[in-house]
Amino acid sequence: FGGMWLPSENHEFFRPSRTLPQQGYKDLRPVNADVGGRIGYFPLRFFGVEVEGAMMPSRTEADDVSALMWAARGHLVGQVGLWRVVPFVVAGVSAIGVESSRQALSYDNDFAVHVGGGAKMYINRYFAVRIDLRDTIAAKRGVDKGIKINGEVLFGLSFTLGRKKPKKVRPSDRD
């Protein structure tokens, strides 16, 4: 998948240091690329589980220094799989972090929760185009000050493995 990651203001993705201004906090650019992959298992037509990994290359707003954000997620998926267009909702847990130089944000890993929804549009029985809108809920700067929401807009292609062919029903002959 690919898309956009929209970090919140006052994010908590940095390693604090009392020797730096604002303890090392820096704003990230408001719109960033988001790329990754996911694998899912759907034992039922209406329910499944997915795991995914993502990388969000970013830069600090003021001094334009590179900061690589990453996320590892697992979530439950509820969907209405009755038509060619399949709406769905997701809810799960995430680990989200940053890897960068001390000049940017240093490194940090945080726990988060994510929720969202979207739709899959099937091209045929095996291929679909997918659109997700997500909110990742994580601590904001000054962890005791609450939470912040980081948005995501994701687009992807899906390939279905192991789908059983529908059984052909023959009309009964009553003569």
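This passage describes two individual residues and a nonpolar surface patch in a predicted model.

Ser58 lies in strand β3, which spans residues 47-59. The relative accessibility of Ser58 is 3%. Because buried means under 20% relative accessible area, Ser58 counts as buried. When neighbours within four places in sequence are left aside, the contacts of Ser58 are Leu28, Arg29, Asn32, Val65, Ser66 and Ala67.

Asp27 is placed in the loop between β1 (2-6) and β2 (32-44). With a relative accessibility of 38%, Asp27 counts as partly exposed. Leaving aside neighbours within four places in sequence, Asp27 is in contact with His11, Arg59, Thr60 and Glu61. Asp27 was also compared with Ser8: the two residues are 19 residues apart in sequence, and their C-alpha atoms are 8.9 Å apart in space.

On the surface, a nonpolar patch of about 900 Å² is made by Tyr41, Leu44, Phe46, Phe47, Val49, Leu76, Val80, Leu82 and Trp83. Strands β2 and β3 each supply at least two residues of this patch. One of the patch residues, Leu82, is found in the loop between β4 (66-79) and β5 (85-100). The relative accessible area of Leu82 is 48%, so this residue is partly exposed.

Conventions
Residues are numbered from 1 along each chain as its sequence is written. This is a predicted model: local features need pLDDT of at least 70, side-chain atom pairs count only at pLDDT 80 or more; totals for chains, interfaces and linings use all residues. Side-chain values use heavy atoms; hydrogens and water are left out. Helices (H or I, at least four residues) and strands (E, at least two) are DSSP runs, numbered from the N terminus. Buried means under 20% relative accessible area, exposed over 50%, partly exposed in between (1.4 Å probe, protein chains only). Contact means heavy atoms within 4.5 Å. Patches are made of residues with over 30% relative accessible area and no salt bridge: like charges are joined within 9 Å, nonpolar side chains (Val, Leu, Ile, Met, Phe, Trp, Tyr) within 5 Å. Accessible areas come from the Shrake-Rupley method with a 1.4 Å probe; for residues, only the protein chains shown count as cover. A salt bridge is a side-chain nitrogen of Lys or Arg within 4 Å of a carboxyl oxygen of Asp or Glu.
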